[in-house]
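Visitor: I would like a close look at a single part of this model. Please take me through one contact region in detail, then set it beside the rest.

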Amino acid sequence: MQKHNQKEHLYKLLVIGDLGVGKTSIIKRYVHQNFSPHYRATIGVDFALKVLNWDAETVVRLQLWDIAGQERFGNMTRVYYREAMGAFIVFDVTRPATFEAVTKWKEDLDSKLILPNGKPVPAVLLANKCDQGIDVLMNNGIKMDQFCKENGFVGWFETSAKENININEASRCLVKHIIASESDPIQSVEPDIIKPHLNSSKIVSCSACFKS
Amino acid sequence: IDELRKLSWSGIPKRVRPVAWKLLSGYLPANVDRRDSTLQRKRKEYFAFVEQYYDSRNDESHQDTYRQIHIDIPRMSPEVLRLQPKVTEIFERILFIWAIRHPASGYVQGINDLVTPFFVVFICEYIEEEEVENFDVSSLPEEVLQNIEADSYWCMSKLLDGIQDNYTFAQPGIQKKVKMLEELVSRIDEQVHRHLDQHEVKYLQFAFRWMNNLLMREVPLRCTIRLWDTYQSEPEGFSHFHLYVCAAFLVRWRKEILEEKDFQELLIFLQNLPTVHWGNEDISVLLAEAYRLKFAFADAPNHYKK
């Protein structure tokens, strides 16, 4: 039963990144709490819905748009990006080439989608498959912080869809930035003044959410 | 061959399907005397391509293509087939050679699915089992596997020749077909069309995959195989007639669609249509309806327009 003064938000979130980095797995884990190593390659766009009880007064409904990894070449991303409020850009920590593609995805996103206040949509970077132990890129956390700053990400997380690491946390981080940018449409909140919002014992490494 | 087309339209018996498909696709000549020599020549030709190109898969210019194929193959269905290393090897070769030989499109996700029906049908020529799914492919003699591989390659090539613009840059064929589907449905069933429109469901959001994978993701493999009996008998089956099948397929769910009252539920339904238990009968009904639509709406495209 809904309370009388409950507010409801509906946000469209994009999940993008090169093929095979685990976008579908992350969404299935987040929405259905399960994992399979054999999801079929996404064709076009897959759609999922997640409902969050954000706080006592707020329900957040997330429309998750899982966009096929090959789409960047297909020129159809513009249609899928329309009216999105935030994005996850995913790469696979075991394959450096997928990290190199991150900036291309970010450019593609920012060139095709701008918030009504003229700013780029908040984007969180996900370093997926962190359970694989081949963390070629993650050995230097400071570099990642720098990378996010330079490329306009509001934060980054090491995630694992398989082991369920940091996916809820990453989502909360993104939603928080969306809510913040909504409530103050002229001046979006800078990453550095976001307070930590963490109560998980799992490994957390989001530059934006951790800084004081 | 025309006789064969007529007979095949309503489904081919499993026993003769391998040879019927090879004939219908144009891979095998209708003339019986020339069949063996053609097969031999084509199989030799394919393996000459393999010899010539396959080593280049790790070259700078081709490694992206190979890597994409390599990532996608373990993500196909049916599960039991794709988990066999022998099968993976064969699929990788077929897809890589095709991509290299067709640089205008190269490898596009979804093409990998299109090998499966040919491979499964051709393998059924050699095995007794009712279900291919429990079959250990590596138990077949090497020579038999090579023949299946070459035949699958050529039949898939023939199919793709007819729908090439589905897979060239920006996939114009698919964009066009999705638009045509929308236009067609608006004439066939205005109520469903309006309902989707009202809830801001775009055809591209669900029908892109229908075109890109020829409905293979929407129905079980056995149904795809039955569907392809007809597609190969029908002129422009995989391109033009497919459009009418898609329209019939969408309207088939009109009751469920009209019951869903919001964007989320509609899209989730349309992307996960409940066809798990579908069999030949369902496909036959679908095809009959598609045929009726083609008759009523293609041959007189403006007849029903207001």
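Visitor: How many salt bridges does the rule find across the interface of domain 1 of chain B and domain 2 of chain B?

Guide: The rule finds 2 salt bridges there. Keep in mind that this is a predicted model. One bridge pairs the side chains of B:D113 and B:R217, at 3.1 Å from N to O. Polar contacts add to the picture: 11 residue pairs across this interface qualify, with both residues at pLDDT 80 or more. On the side of domain 1 of chain B that touches domain 2 of chain B, three helices of chain B each supply at least two residues: α1 (2–9), α2 (17–24) and α7 (111–123). The largest share of that side is from α7(B), with 7 residues. By class, the side of domain 1 divides into 12 nonpolar, 8 polar and 3 charged residues.

Now the extent of this interface. The domain assignment of chain B places domain 1 at 1–162 and domain 2 at 172–298. Their C-alpha centres are 26 Å apart. In contact are 23 residues of domain 1 of chain B and 20 residues of domain 2 of chain B. The area buried between the two domains is about 1,800 Å², and carbon and sulfur atoms give 62% of it. Within domain 1 of chain B, the residues that lose the most area to domain 2 are B:W9, B:W21 and B:D113, together 36% of what that side buries. B:D113 is also the salt-bridge partner of B:R217.

Next, the interface of chain B and chain A. Here 30 residues of chain B are in contact with 29 residues of chain A. The two chains bury about 2,700 Å² between them, with 57% of it on carbon and sulfur atoms. The rule finds 1 salt bridge across this interface. In it, the side chains of B:R209 and A:D46 meet at 3.2 Å, N to O. Polar contact links 8 residue pairs, both residues at pLDDT 80 or more. On the chain B side, α4 (63–72), α11 (203–212) and α15 (263–271) of chain B are the elements that give two or more residues. That side has 12 nonpolar, 11 polar and 7 charged residues.

One residue of chain B deserves its own stop. B:Q84 sits in the loop between α5 (79–82) and α6 (85–101) of chain B. B:Q84 counts as buried because its relative accessibility is 10%, and buried means under 20%. The B:Q84 side chain reaches two backbone atoms: the oxygen of B:F135 at 2.6 Å and the nitrogen of B:V137 at 2.8 Å. Leaving aside residues up to four places away in sequence, B:Q84 touches B:F135, B:D136, B:V137 and B:S138.

Finally, salt bridges elsewhere. The structure holds 24 over all chains. In one of them, A:D92 pairs with A:K129, the closest N and O atoms being 3.2 Å apart. A:D92 is in strand β4 (residues 86–92) of chain A and A:K129 in the loop between β5 (123–128) and α4 (141–151) of chain A, so this pair ties together parts 37 residues apart in sequence. A:D92 counts as buried at 2% relative accessibility, whereas A:K129 counts as partly exposed at 24%. A:K112 and A:D108 form another, at 2.7 Å between the closest N and O atoms. Both lie in helix α3 (residues 96–112) of chain A, 4 residues apart, so about one helical turn separates them.

Notes: Residues are numbered from 1 along each chain as its sequence is written. Chains are lettered from A and ligands numbered from 1 in the order in which they are written. This is a predicted model: local features need pLDDT of at least 70, side-chain atom pairs count only at pLDDT 80 or more; totals for chains, interfaces and linings use all residues. Side-chain values use heavy atoms; hydrogens and water are left out. Domain bounds come from an automatic or database domain assignment. Contact means heavy atoms within 4.5 Å. Buried area is the accessible area (1.4 Å probe) that two parts lose on being put together, summed over both. A salt bridge is a side-chain nitrogen of Lys or Arg within 4 Å of a carboxyl oxygen of Asp or Glu. A polar contact is a pair of N or O atoms within 3.5 Å; within protein, one must be able to donate a hydrogen and the other to accept it, and residues adjacent in sequence count only if both atoms are side-chain atoms. Ala, Val, Leu, Ile, Met, Phe, Trp, Tyr, Cys and Pro count as nonpolar, Asp, Glu, Lys and Arg as charged, and the others, Gly among them, as polar. Buried means under 20% relative accessible area, exposed over 50%, partly exposed in between (1.4 Å probe, protein chains only).
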